[in-house]
Amino acid sequence: MRAIIIRHGEVDFQWSKWSTSGQFNKDCKMYDEAPILSQLSDVPQINYQNIYTSSLQRSRETAKQLFGEKDFIFTKWLNEVPLCASVASNKKLPLIFWNVSGRLQWFLNIHSQKECRKETIYRAERFIEIITKKNSDCIIVTHGFFMHTLLSQMKKQGFQISHTRFSYSNGECVIAEH
């Protein structure tokens with residue numbers, strides 16, 4: 001079985017460089033609803049049976065741009081790890097603070113985030129269960145931060161991963177074989 005995992009296309013959104021916690025949370029919501037720019041990536045050719053995509057707009061649009069109108073399988077199992085402000089603050093703080101502190105809370109399983117690492121691992125494991133039961137080639141359109149957990153769990157379950165990175169570019173593909 002071969003799976004091609006694709007990070008969604010570039011999002012047409014400009015993050016505020018400095019924001020209060022409320023503004024950061026609003027930016028996170030607006031990012032989730034923003035459209036994507038043109039998709040430039042070529043996808044390796046495989047005889048796929050299914051195309052899975054997260055239920056978030058940017059991955060859905062990416063799948064449509066790459067494959068046209070198909071019967072996609074939309075699933076929340078592939079959604080991005082949600083991010084929100086790590087503390088309540090009316091003081092404007094830099095974007096890097098909000099991103100790093102929120103992901104640190106996620107990593108440490110602190111429940112002030114909407115989802116903790118244990119929950120993300122669970123989602124990845126359940127999705128892998130679904131595709132391994134079908135045992136057919138597939139395409140997966142998902143998100144950059146979630147890709148790390150998904151690929152890590154795939155590797156633990158015996159998949160050979162073509163490459164791993166600290167950060168995946170928009171439209172980047174990774175091949176996983178089982």
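**Working chat: rings, core and charges**

User: Let's start with Phe127: buried or exposed?

Analyst: Phe127 counts as buried, because its relative accessibility is 1% and the cut-off for buried is under 20%. Please keep in mind that this is a predicted model, so every value here is computed from predicted coordinates.

User: What does the ring of Phe127 pair with, and how are the planes set?

Analyst: In this model the count comes to 11 aromatic pairs. One of them joins Tyr52 and Phe127, whose ring centres are 5.2 Å apart with the planes at 85°, so the pair is edge-to-face, given that angles over 60 degrees fall in that class. This pair links distant parts of the chain, since Tyr52 sits in strand S3 (residues 50–54) and Phe127 in helix H4 (residues 117–134), with their positions 75 residues apart in the sequence.

User: And Tyr52, buried or exposed?

Analyst: Tyr52 is buried, with a relative accessible area of 3%.

User: Which other rings cluster?

Analyst: Ring pairs join Phe13, Trp15, Phe24, Tyr31, Phe97 and Trp98 into a cluster. Of these, Phe24 belongs to helix H1 (residues 21–33), and with a relative accessibility of 0% Phe24 counts as buried.

User: How far is Phe24 from Gln153?

Analyst: Measuring from C-alpha to C-alpha in the model, Phe24 and Gln153 are 30 Å apart in space, and they are 129 residues apart in sequence.

User: Phe97 was in that cluster; which surface patch does Phe97 belong to?

Analyst: Phe97 belongs to a nonpolar patch on the surface together with Val87, Ile96 and Val100, and the accessible area of the four together is about 350 Å². Within that patch, Ile96 lies in helix H3 (residues 95–107), and Ile96 counts as exposed because its relative accessibility is 61%.

User: Switching to the inside: how many residues are in the largest nonpolar core?

Analyst: The largest nonpolar core has 22 residues, and those with the most contacts inside it are Ile5, Ile131, Ile140, Leu150 and Met154. At least two residues of this core come from each of strand S1 (2–7), H4, strand S6 (138–142), helix H5 (144–156) and strand S8 (173–177).

User: Which element gives the most to this core?

Analyst: That is H5, which gives 5 residues to the core.

User: Where do Arg side chains lie over ring faces?

Analyst: Arg103 lies over the face of Phe145, at 3.9 Å from the ring centre, and Arg117 is placed over the face of Phe107, where the distance to the ring centre is 4.4 Å.

User: OK, salt bridges now. How many are there?

Analyst: A search of the whole structure finds 7 salt bridges. Glu125, Arg126 and Glu129 are linked in a network of them.

User: What are the distances in that network?

Analyst: For Arg126 and Glu125 the N to O distance is 4.0 Å, a value to read with care beside the cut-off of within 4 Å. For Glu129 and Arg126 the N to O distance is 2.8 Å, and these two residues both lie in helix H4, 3 residues apart, which is about one turn of the helix.

User: How exposed are the two Glu residues, Glu125 and Glu129?

Analyst: Glu125 is partly exposed, with a relative accessible area of 26%, and Glu129 also counts as partly exposed, at 33% relative accessibility.

User: What does Glu172 bridge to?

Analyst: The side chain of Glu172 meets that of Arg165 in a salt bridge with an N to O distance of 2.8 Å. Glu172 is buried, at 12% relative accessible area, whereas Arg165 counts as partly exposed, at 43%.

User: Last topic, the backbone: which phi values are positive in residues other than glycine?

Analyst: Among them are Asn109, with phi near 60°, and Asn135, with phi near 50°. For context, most residues other than glycine have a negative phi.

User: Where are those two, and is each buried or exposed?

Analyst: Asn109 lies in the loop between H3 and H4 and is buried, with a relative accessible area of 18%. Asn135 is in the loop between H4 and S6 and counts as exposed, because its relative accessibility is 51% and the cut-off for exposed is over 50%.

Definitions and conventions. Residues numbered from 1 in each chain as written. Predicted model: local features only at pLDDT ≥ 70, side-chain atom pairs only at ≥ 80, totals over all residues. Heavy atoms only, no water. Patch = residues over 30% accessible without salt bridge, like charges linked within 9 Å, V, L, I, M, F, W, Y side chains within 5 Å. Areas by Shrake-Rupley, 256 points an atom, 1.4 Å probe, with all protein chains shown as cover. Helix = DSSP H or I, 4+ residues; strand = E, 2+ residues; numbered from the N terminus. Buried < 20%, exposed > 50% of the residue type's maximum accessible area, 1.4 Å probe, protein only. Phe/Tyr/Trp six-rings, centres within 6.5 Å; stacked < 30°, edge-to-face > 60°. Lys NZ or Arg CZ within 6 Å of the ring centre and 35° of its normal. Core = buried A, V, L, I, M, F, W, Y, C linked by side-chain atoms within 4.5 Å.
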